[in-house]
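The following exercises concern burial, sheet topology and backbone geometry. Each task is followed by a solution in steps.

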Amino acid sequence: MKKIIYGILIFSILSCKKEEIKEYVLFSGNIKNSTANDLIIMSSNSTFRDTIKISANGTFKDTLKIDNGTHLISYGKLFTRIYFEQGTSFEVNFDANNFRETLTFLGENPHENNYLLQKQEKQSELIGKRNDFYALNEDEFKTKSKIIEETLLREINKNKTVSEAFKELEKKNIKYEHLNRLSSYEKSHAYTTKNPDFKVSSEFLQEIKDINYFNGEDFLFSNNYKRLVDKYVESKTKELIENNSEAEDIVKLKVIAEIPNEVIKNNLLYKEAKYGITYTYDLEAYYTIFNNASSNPIYKSEITENYKKLIKVAKGKPSPLFENYENYNGETTSFNDLKGKYLYIDVWATWCGPCKIEIPHLKKIEKLYHNKNIEFVSISIDKQSDKLKWKKMVEKEQLGGVQLLADKDWDSQFVKDYLIKGIPRFILIDPQGNIITANAPRPSENSLIDLFNELAI
């Protein structure tokens, strides 16, 4: 009798044990005619990125701790969006020489991704040429966009293969697509019709005014909803800046911090702070806002680590050093060789568009401050294998100052010490080698001359 009771007890304990929730996806596949070494997966809001190595025979396999929703997959110059669902395993196969026609999905949830491929084709067919679509007048555009929405809603409603949960979320996503098209119309129409002064009528965006911007489930599922939320944040920030003397990045972070939904707030705070904290002019205020508002321990840990690194390159701190960087003349230059003057350091690369835009402005500033107590130093983070390309650009653009090539591009210690995640980046150092600002104004900004005048350079 006791054995029976014990058996029932053990069975009860085992049967009442909470089912394990798998917060990961088993992702694999095979690429024919593979040439690239990596497959990259990115979330649309930059909170997730993973690089999967591809074997010599074109196969790959990885376990992804990833949110439910659609993520961007890129392979070389090929890319598509794939729907991931936690707790599933599935594979993606394609021929790199014939991507769209050979892309197939197998595994536990192929139907949702097959639907998305078919939907993309249908949507492209309905929209036609993008420029022609956005060149339509307001009424024609809204009517056509509504027809596209209704057509796609009929398609998803009659689909018998996707899950009901996916179907309900996708129906809302299709509506968000329509609203996103409306919100993009003004700028796109102005561009395609070459009418920069074009403004939509007050009634055109009436539908958008009813959006609930604080739905976490929709945010994770729908990239269109994410874009609408981003536009809401931008609009709210712009509105507050008009009557606020604070810097735009601080105001924007405060707007995000006020979002009542934790999922959206944490995602947007991280997305903004991941790069924003490296550019802000008020590190303490920026970090305090983020830290008080974020409740995601993983995001908080990463941004806190960045904050600790940035404290070391705050105003007044000794600058990190670089040693024996190759200069344009084929010799080497170290940081300590340049002490004794103010240093205006430009971190750039030959492939960087915004860097090239600054070149004529930098040359003008260099000419203006020639023979003054300041040295202009340009550090390229081109790869060592692109040394010739770097030298050719220096020669072609007749770049002045001290031209250097970093030893390990993005992995150069000097670049990592300053936590540089985007270029161009400008740094101003005093004659003793101490940091004046790790985020100096660009040559194209009038505030740079104001700063130089303030320092009596």
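**Exercise 1: Enclosure of a helix**

In this predicted model, 7 of the 10 residues of helix α9 (residues 248-257) are buried, so α9 is largely enclosed by the rest of the structure. Identify the buried residues of α9, state what covers them, and examine T237 in helix α8.

*Solution.*
1. The buried residues in α9 are I250, V251, K252, L253, V255, I256 and A257.
2. The elements covering these buried residues include α8 (223-241), α10 (262-276) and α11 (283-293).
3. T237 belongs to helix α8. Its relative accessible area is 1%; buried means under 20%, and therefore T237 is buried.
4. When neighbours within four places in sequence are left aside, T237 is in contact with E248, V251, K252 and V255. Of these contacts, V251, K252 and V255 appear among the buried residues of α9.

**Exercise 2: An open sheet and a packed helix**

Determine the strand order and the edge strands of the sheet containing β4, β1, β7 and β8, then describe the pairing of β7 with β8.

*Solution.*
1. The 4 strands form an open sheet with mixed pairing, in the order β4-β1-β7-β8.
2. At the edges are β4 (59-64) and β8 (104-107), each of which pairs on one side only.
3. From one strand to the next, the twist averages 20 degrees.
4. Strands of a sheet pair through backbone hydrogen bonds, either parallel or antiparallel. Strand β7 (residues 89-95) and β8 run antiparallel and are joined by 4 bridges. Within this pair, F90 stands opposite G107 in β8.
5. Helix α3 (residues 110-127) packs on the sheet and touches β7 and β8. The direction of α3 makes about 165 degrees with that of β8.

**Exercise 3: Backbone exceptions**

Classify the peptide bond between I423 and P424, and compare the settings of K194 and L419.

*Solution.*
1. Most residues other than glycine have a negative phi, and most peptide bonds are trans.
2. The bond joining I423 and P424 is cis, with omega about 5 degrees. P424 lies in the loop between α15 (413-417) and β14 (425-429).
3. L419 is also placed in the loop between α15 and β14. Its phi is positive, at about 55 degrees, although L419 is not a glycine.
4. K194, likewise not a glycine, has a positive phi near 55 degrees. K194 is located in the loop between α6 (164-192) and α7 (216-221).
5. Are these two residues buried or exposed? L419 is buried, with a relative accessible area of 8%, whereas K194 counts as exposed at 72% relative accessibility.

Notes:
Residues numbered from 1 in each chain as written. Predicted model: local features only at pLDDT ≥ 70, side-chain atom pairs only at ≥ 80, totals over all residues. Heavy atoms only, no water. Buried < 20%, exposed > 50% of the residue type's maximum accessible area, 1.4 Å probe, protein only. Helix = DSSP H or I, 4+ residues; strand = E, 2+ residues; numbered from the N terminus. Contact = heavy atoms within 4.5 Å. Pairing = 2+ DSSP bridges. Axes fitted to C-alpha atoms, helices over the stretch in contact; angles between N-to-C directions.
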